[in-house]
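Visitor: I'd like to learn how to read the empty spaces and helix contacts in a model. Could you walk me through one?
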Amino acid sequence: MNENKRLEFHLGTLGKLIPLLVAVGFILWAAVSGSNVNGYMVAFFMAIIFGVIFAKDEKAYGQAIISGLTKPMFPIIALAVILAAISGKLISGSGMVQTIAAYAVQAGLTGKLFAAVTFVITCLLAFSTGTSVGTYMVVIPILFPVGVMTGVSPIYMIGAIVSGAAFGDNLAPISDTTIASATTQNAELGKVVRSRMKYSIPAALIALVCFLIFTKTETSSIVLEAAQVEPKPLSLIMLVVPVVIIALCLMKKHLITALAWGVIAGIAAGLVSGIYLISDLLSFPGGFSVTGILSDAIIGCMGTVAMLIGVFAMLGVMESSGLFQDVGRGLSKLAKGPASTEATIVGCVGILSMITGVISVAIVAMGNLVKEMGEKNGVDPYRRANLMDCAGCVFCFLAPWTVHCVIPAMKAAEFGEAFAVAPASIPFVNYYSIAMLVILVIAIVTGYGRKNK
């Protein structure tokens with residue numbers, strides 16, 4: 001953005017930070033209180049509201065909010081959340097989850113082993129499709145409730161899924177973060193992926209061991225119910241929903257169209273098989289009311305969609321104020337040699353990915369500055385690309401207000417109170433991102449991976 005057209009605030013830098021500080025304050029309040037998604041939603045709207053007090057040009061402030069909401073990523077994620085909520089309701093209401101859980105219990109695939117298998121499956125799916133958000137939409141409606149029914153604590157099931165999604169986002173050649181990190185540093189994509197394996201594969205192996213060792217299991221009424229439920233083989237026809245979505249994603253179709261076709265396939269399968277009647281899907285009983293799977297699913301995810309509005313609106317304000325550039329330039333003063341430059345790269349992208357909640361946005365925003373610092377201090381393009389992407393997959397995934405905690409928490413809550421997890425608790429069981437953080441520290445301190453051949 002042109003320096004002369006920056007959004008200006010009273011109190012200078014402090015005024016510019018007010019929206020962010022307000023958001024952080026409310027987020028901490030929500031986290032300490034164990035709030036669901038709605039608490040985080042309020043945080044971002046309060047940030048936007050209080051920010052207007054300090055804006056010198058209120059019209060420009062309003063335009064900055066609109067600019068954030070016009071980013072292509074916003075409607076993609078918002079529509080994906082809605083469509084995934086519908087497909088999830090179609091699956092959960094069919095009896096398919098209970099049937100798969102019953103079969104898993106009979107086969108002995110329970111507890112820690114199920115959590116570890118879920119992590120591996122999610123890794124493979126996320127790597128194949130290149131989308132972490134899309135992976136949540138496919139995996140959580142099926143493997144999450146099945147895992148809980150086989151005895152895995154809900155938070156560890158979500159941890160396994162988020163960890164697998166982080167791996168895919170980090171390493172997949174078709175991931176937007178992989179492409180952004182390579183192109184901003186003028187690095188060849190194939191070599192970037194190959195060189196990144198020395199970071200991502202060890203992190204994945206560490207995470208797998210952690211899920212096998214530390215996953216907590218419990219015997220609740222849900223587990224006992226799964227052990228006694230009578231399988232309904234006909235309900236397995238609803239597997240057509242994730243199959244269609246995965247197949248279309250692998251065919252490089254747009255995530256929104258893939259989810260839409262998944263919903264269509266689910267409705268058709270449900271009606272043809274007799275699992276659902278039209279009145280189950282949508283009904284108008286009178287008195288200005290509407291009921292059914294379709295309306296319930298859409299209404300149920302409005303808190304998450306509202307939070308996304310607040311997040312992207314605040315993103316527009318911060319971007320228009322030049323806050324991203326200020327953070328980058330401030331940290332760049334610390335870059336004096338290879339190690340300090342690498343730490344600065346991780347810090348820049350890590351902080352911005354936490355603030356924006358979108359790794360690719362942080363990578364693109366810092367791309368030129370990272371390239372300039374790296375060339376000056378002898379850090380090669382592939383090392384820079386890897387540090388940027390890995391930093392994003394650490395800090396963005398560990399921030400409880402981003403889609404990587406909020407969407408999984410929202411999807412988990414759809415199955416009822418016994419399945420609910422708090423967004424703030426998810427980072428503590430995201431073993432992939434935690435392991436990657438350790439590897440990044442070791443890599444910077446020891447020089448591991450610095451020479452790319």
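Visitor: Which helix gives the most to the lining of the largest cavity?

Guide: Keep in mind that this is a predicted model. Now, the general idea: rolling a probe the size of a water molecule over the atoms shows where empty space is left. Here, helix 16, residues 302-321, gives the most to that lining, with four residues. The whole lining of the largest cavity is F44, I77, M307, L308, V311, F312, T356, G357, V358, W401, T402 and V403.

Visitor: How many cavities of 30 Å³ or more does the structure hold?

Guide: Two. The largest cavity has about 70 Å³ of space, and the second largest has a volume of about 40 Å³.

Visitor: What classes of residue line the largest cavity?

Guide: Nine are nonpolar, three are polar and none are charged. For the second largest cavity, the split is six nonpolar and four polar, again with no charged residues.

Visitor: And which helices each supply at least two residues of the lining of that second largest cavity?

Guide: Helix 6 (111-129), helix 7 (132-149) and helix 12 (240-250). Among the lining residues you'll find L125, T135, V138, I246 and C249.

Visitor: What about the largest pocket: how much space lies in it?

Guide: About 680 Å³. It's lined by 26 residues, and M73, I76, G130, T131 and D176 lie nearest its centre. Helix 4 (73-92), helix 7, helix 9 (176-184), helix 19 (359-377) and helix 21 are the elements that give two or more residues each. T131 turns up in the lining of the second largest cavity too.

Visitor: Which classes show up in the pocket lining?

Guide: Twelve nonpolar, nine polar and five charged residues. Compare that with the two cavities, where the linings have no charged residues.

Visitor: You mentioned helix 21. At what angle do helix 8 and helix 21 pack?

Guide: For a helix pair, look at the angle and then at how far apart the axes run. Helix 8 (residues 154-171) and helix 21 (residues 403-413) pack at about 140°, and their axes are 11 Å apart. That angle is why helix 8 counts as oblique to helix 21. The crossing is right-handed.

Visitor: Which residues make the contact?

Guide: Helix 8 brings I158, V162 and D169, while helix 21 brings H404, P408 and A412. Sorted by class, this contact has four nonpolar residues, one polar and one charged.

How values were computed. Residues numbered from 1 in each chain as written. Predicted model: local features only at pLDDT ≥ 70, side-chain atom pairs only at ≥ 80, totals over all residues. Heavy atoms only, no water. 1 Å grid on protein atoms, 1.4 Å probe; cavity = no way out; pocket = protein on both sides within 12 Å on 5 of 7 lines; lining within 4 Å. Points joined across faces, edges and corners; volume = space filled by probe spheres on them. Nonpolar A, V, L, I, M, F, W, Y, C, P; charged D, E, K, R; others polar. Axes fitted to C-alpha atoms, helices over the stretch in contact; angles between N-to-C directions. Parallel < 35°, antiparallel > 145°, perpendicular 65-115°, else oblique. Left-handed = near helix turned anticlockwise from the far one by under 90°. Contact = heavy atoms within 4.5 Å.
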